[in-house]
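Got your viewer ready? Load the model and let's take a walk through it, one selection at a time.

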Amino acid sequence: MSEFYPPPEKEGGWRVADPKKHGVNASKLTEAVNYHDKADCTTSHGGALIVIHGGEIIAESYVTGSVGGPQPWTRESCNDVKSSTKSVFGTGVGVFLDTYRDRVNLDTLLVGTSREESLIPQIWDQPLTDQRKQNIKVKHVISMTSGHASDEPWLAPSTRHYYEGYTGAYQMHEYCFGWWRFEGVPDHHKLLFEPGHGFNYSNFGLEQMALAMRNITGEMVGPYIYDRILKEVGMPIELKTNAYRDMVYNDPRELNFSDTPGWGVGGSKECNAYGADRSLSPYGYNTIVGSTFRCTARDYARLGYLWLNKGQWGDKQLVPEAWMKQATSRFKQANGDKHNYGYTFWVQDTWENVPSDCFGSRGHNINDCYVVPSLDLVVMRMGNDNPPRDQRNLFVETLMTKIVDAVDR
């Protein structure tokens, strides 16, 4: 692994190197970049691609889409990485669990059997809507095995069905507790399965974990993770102060900014995503930890480089190495099944021509970051077009195969 750790972009940032210096097949790497740049999902709404090998950028490309943005896409452009945000959160969870290991671990019950022993006592302010929720553990919500439903109430307000006797606010936490639901959208009154006995990709267990972290640390999740990780890897203070409101492509329905600064704080009074309806909540506005993380491709690549280096940045072990290993390994369910998911990370060990140690984050619109430790490789891709799943998967696997073929000459 390289001993170079890039300073913040304002202080010089990443080094850019000739791929030949790294023993990379330059013509094959150019072919890979051209494949990315000319793909429909890139030419339509734009995209960004960064390839890092040996700690230096060996390929970088920005494409302004024909239909997808109010401004050109450059290396200074910010984008919402969508569900790749989950891996940012999961990195912070590793630090949290290490810091508070005397109080909470992966097998700690999240809801618990009473208010007194719950990490989220707020859920006991109303009767539990499903007794199986008492069996949700920390490990379940960060491995997508908690049983929470997937669909989200993006377009609030709409007709709601109210939980009998509930007269409170209608924000994220109340929704994922199961206290209200949208008409025609699966609710969270009942879990889909017994915690630990299935896999279903969902944001809402993560939101409860974020609330537990806030309860224990006394800090909002965004500032907590920024101060301990993001700042240390050279990501700008604007991530904490919520300055990144302008993006290459913007959908106002998905704005989740609070009057209180910082990613991980959540929705504002003007936000109509995730069920925010301008109501006041005793638990605060939405905490969006599964999406809405906005940064440049170069800055997110810093996280990929941190993961590549097993949580170490320079002479600091920011994230426990043991956590990075566990989080990027397949989670074993109660029946022995293993989906290709760890703790907020995807395990990409089945691509035919990509080393099986590949893992990474994945987000809507192909906002993905992949790490291949055996090749000292990080690939960061941003975009704003989400093709059908089969096309998406083919594009990503083909792109990674072409990059690996260039690097592993």
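Which residue is the bridge partner of cysteine 369 in β12? Select both ends and you'll find methionine 380 in β12. Before we go on, some ground rules: this is a predicted model, where local features need pLDDT of at least 70, side-chain atom pairs count only at pLDDT 80 or more, and totals for chains, interfaces and linings use all residues. Residues are numbered from 1 along each chain as its sequence is written, and side-chain values use heavy atoms, with hydrogens and water left out.

**Stop 1: strand β12**

Now select residues 377–383, which make up strand β12. (Helices, H or I with at least four residues, and strands, E with at least two, are DSSP runs numbered from the N terminus.) Seven of its seven residues are buried, so the strand is largely enclosed by the rest of the structure. Buried means under 20% relative accessible area, exposed means over 50%, and partly exposed is in between, using a 1.4 Å probe and protein chains only. Show the side chains: Leu377, Val379, Arg381 and Gly383 point one way, while Val378, Met380 and Met382 point the other way.

Next, add residues 368–372, strand β11, which pairs with β12 in the antiparallel sense over five bridges. (Two strands pair if DSSP finds at least two bridges between them.) The two form a hairpin with four residues between them, and aspartate 376 in the turn has a positive phi of about 55°. Then pick residues 47–53: this is β1, antiparallel to β12 over seven bridges. Valine 51 stands opposite valine 379 there.

**Stop 2: two cysteines**

How many disulfides does the structure hold? Zero, counting a disulfide as a pair of cysteine sulfur atoms within 2.5 Å. Select cysteine 369 and cysteine 358: their sulfurs are 9.7 Å apart, too far for a bond. Cysteine 369 is buried at 0% relative accessibility, and cysteine 358 is buried at 1%.

**Stop 3: rings**

Colour Phe, Tyr and Trp, because their rings (the six-membered one for Trp) pair if the centres lie within 6.5 Å; planes under 30 degrees apart count as stacked, over 60 as edge-to-face and the rest as tilted. There are 20 aromatic pairs in the structure. Zoom in on tyrosine 35 and phenylalanine 395, a stacked pair at 5.6 Å centre to centre with 20° between the planes. Tyrosine 35 lies in helix α1 (residues 26–38) and phenylalanine 395 in helix α11 (residues 389–407), so the pair ties together parts that are 360 residues apart in sequence.

Keep tyrosine 35 on screen and add lysine 402, whose charged end sits over the tyrosine ring, 5.7 Å from its centre. (That takes NZ of Lys or CZ of Arg within 6 Å of the ring centre and within 35 degrees of the ring normal.)

**Stop 4: helix α7 and the core**

Select residues 221–230, helix α7: is it mostly covered or mostly uncovered? Mostly covered, with eight of its ten residues buried. Among what covers them are α3 (85–99) and α6 (204–217).

Finish on leucine 230. Leaving aside neighbours within four places in sequence, its contacts (heavy atoms within 4.5 Å) are Val88, Ile225, Met235, Leu239, Phe293 and Leu303. Leucine 230 is among the residues with the most contacts inside the largest nonpolar core, which has 85 residues. Such a core is a set of buried Ala, Val, Leu, Ile, Met, Phe, Trp, Tyr and Cys residues joined through side-chain atoms within 4.5 Å. A second, separate core of 27 residues includes Val51, from our first stop.
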